[in-house]
Amino acid sequence: MEGSFGSYTDKTRVLDIKPLRTLKPVFPSGNQAPPFVCAPPFGPFPPGFTPFYPFSSSQHTPDLNQAQHQPQAQNNTSEPSLVTPLRTFRSPPPPPPDTATNGDAVELTVKRKIPRKRTPIAQNPNFSSGISTAEKENGDRKLVMSVLTRFDALRRRLSQLEDAKESVTGIIKRPDLKAGSTCMSRGVRTNTKKRTGPVPGLEIGDVFFFRFEMCLIGLHSPSMAGIDYLVLKGGGGEGEEEPIATSIVSSGYYDNDEGNPDVLVYTGQGGNADKDKQSSDQKLERGNLALEKSLVRNSPVRVIRGLKEASQSAKIYIYDGLYDVKESWVEKGKSGHNTFKYKLVRAPGQAPAFASWTEIQKWKKGLPSREGMILTDLTSGVESIGVSLVNEVDAENGPAYFTYSTTVTSFKLTQQPSYGCECGGACKPGNLNCHCIRKNGGDFPYSGNGVLVGRKGMVHECSPACLCPGCKNKVTQMGVKLKLEVFKTVNRGWGLRSWDPIRAGSFICIYAGEAIDKSQMQPTVANDDYTFDTTRVYTPFKWNYEPGLADEDGSEEMSEEPELPLPLVISAKNVGNVARFMNHSCSPNVFWQPVSYENNGQLFLQVAFFAISHIPPMTELTYDYGVTRTSGAQSLCGKKKCFCGSEFCRGSFG
């Protein structure tokens, strides 16, 4: 290489230098290279040197081939340096499979980028979920309902805090996602062990208003994806793995049930959008492959149906039980790309769920008419939504006559004159200048959609005297908003249920009737089936959020015990509303809450009923009647035999 290039040395040759551990630079001798010259990476360069990649300027990157063969303008007598680009020294990539030297396919090992660990939500050292490791893996009905109650209590509290913020950013808040993440990180969950088939503690027909609820109880793990699956080992051979579907969520937008509620044609996942936001073909991988393997293995899949109720502001999900994958095929979608289709058929012998829902929608349209219907509206128009009277058990034509009313009569409690709040528009959460907000301890008692945030001694609502038209703090004064039905039970007389799903914390109705002085109450009135007595002993239960779970001071936890200014007894025997038909249960799904409001210098008290948990359609509504307080040692032994059939039935009430 020294012939035509003078004394310059081939740069590709390894120099004989000392190792770096000598801690001092060692350079070639004079007969190996020209004197050492230090120059900045991007120039200027002395005669005989040219910049090379990657130190060449981005605007004026020289052509290396030309630089190697063109003389420098600054020194016409010297030849350019023979500089080899750095990328030349990189190891060549292995040949592709079809050009391997030995003719065999070469397996390439690709080094994946390790994702950065997410910082977990800060743990409260003083908080304990109270759920053991075994209970987290496998739950039961009591634990499932407890987890759902705790999640929704936290979600309502977070929603209340968001509503109270004065600044409006326009960002849609998702307290359900925050509540779900908090419960996940702090162990408020169950059924974490993935499985096919039924999930312990889950019942067919259970309804959910948030996807995260299904994650916390192990019904469907992904909070977004529609297909959940687990990976089994040894599927296609020794050491191999294959996915198998455990559950799917049918959105209702793309799926077709072919008019049969027991058949579901499900559209696979993926292919909706790529980096260019364009549709593409779906691939037989992940959830799609899992459904295909479930078809081959004849493995059942849990199906959750997503529906949109006209009376609800959000989508509702109903667990419809186990389905078998019967067929799969590929067809062109609306975008012209291939999509996977799966036909699932509901396993026989299961309780109706989605089928009942579709039947109710037909009742609402009047086709067909409700079987066993006696009256379409027993309120005769008093309620804005008619209450049906139905008997599918025997030939009885209805309960004894009574006057339908929506108020508590013969009850007045005089106080100092009050004119209510002076809010020009609706009362705003967090506004301490509002008289009604201050009476509620500074918090708005309801969330934006009218759901009660928590039980308390007394809920103070705005009154007709308040200057806030359309205010959301008048929930119990707006009447019944659900499609209710009075029906004949098998062994407990008449009962009450709803055609609509009821969200936890939703208002159902008040207990209307005639207020009675406890000291002057006749024994016959005290023992009838239509008397509500606030002085009875009620089984305590916790419904409000846990301050520790919300990272709040536990010493400020709100009491859930009712606080009434005087004993309140209401008889609905002669005058009443639908509440008189609600039966007792030792495991109720409804609770009562004292509510008051002022009007014309008087304090109005009433007993309002709210849902403890999400209640599926056509589920009987029940509350705890309590036990009469005795002068001696108090006992939970009532005067009447209980037929509630609950696992935790105490045997008597009243």
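In this predicted model, the strands β8, β9, β13 and β14 form, in that order, an open four-stranded sheet with mixed pairing. The edges are taken by β8 (373-375) and β14 (494-498); each has a single partner strand, so one side of each is left without a neighbour in the sheet. Direction ignored, neighbouring strands of this sheet are turned by 35 degrees against each other on average. Within the sheet, β9 (residues 388-390) and β13 (residues 484-488) run parallel and are joined by three bridges. One residue pairing in this register is V390 with F487, its bridge partner in β13.

A second strand pairing involves β4 (residues 263-267). Five of the five residues of β4 are buried, so the strand is largely enclosed by the rest of the structure. The side chains of V263, V265 and T267 point one way from β4, while L264 and Y266 point the other way, and all of them are buried. The partner is strand β7 (residues 338-346), which runs antiparallel to β4 and is joined to it by five bridges. Here V265 has K343 of β7 as its bridge partner.

These strands belong to a protein with nine helices and 25 strands. Of its 654 residues, 43% count as buried. The exposed area of the protein is about 36300 Å², of which carbon and sulfur atoms supply 53%. Among contacts between residues at least 6 apart in sequence, 67% join residues at least 24 apart.

Aromatic contacts come next. The count of aromatic pairs in the model comes to 19. A pair of rings is described by the distance of the centres and the angle of the planes. Two of the pairs are set out below.

| Pair | Centre distance | Plane angle | Class |
|---|---|---|---|
| Y511 and F609 | 6.3 Å | 55 degrees | tilted |
| F532 and W592 | 5.2 Å | 80 degrees | edge-to-face |

For Y511 and F609, the planes stand at 55 degrees, so the pair is tilted; an angle over 60 degrees would be needed for edge-to-face. Y511 lies in the loop between β15 (507-510) and β16 (513-516), and F609 lies in strand β22 (residues 602-611), so this pair ties together parts that are 98 residues apart in sequence. Y511 counts as buried at 1% relative accessibility, and F609 is buried with a relative accessible area of 0%.

The edge-to-face pair has its planes at 80 degrees. F532 belongs to strand β17 (residues 531-533) and W592 to strand β21 (residues 590-599), so the contact ties together parts that are 60 residues apart in sequence. F532 is buried, with 2% relative accessible area. W592, at 10% relative accessibility, also counts as buried, since the limit is under 20%.

Both pairs are part of one aromatic cluster, formed by Y511, F532, Y538, W592, F609, Y623, Y625 and F653.

Rings also meet charged side chains in this model. The charged end of K483 sits over the ring of W499, 4.8 Å from the ring centre. R580 lies over the face of F581, with a distance of 5.1 Å to the ring centre.

Note on methods. Residues numbered from 1 in each chain as written. Predicted model: local features only at pLDDT ≥ 70, side-chain atom pairs only at ≥ 80, totals over all residues. Heavy atoms only, no water. Pairing = 2+ DSSP bridges. Helix = DSSP H or I, 4+ residues; strand = E, 2+ residues; numbered from the N terminus. Axes fitted to C-alpha atoms, helices over the stretch in contact; angles between N-to-C directions. Phe/Tyr/Trp six-rings, centres within 6.5 Å; stacked < 30°, edge-to-face > 60°. Buried < 20%, exposed > 50% of the residue type's maximum accessible area, 1.4 Å probe, protein only. Lys NZ or Arg CZ within 6 Å of the ring centre and 35° of its normal. Contact = heavy atoms within 4.5 Å. Areas by Shrake-Rupley, 256 points an atom, 1.4 Å probe, with all protein chains shown as cover.
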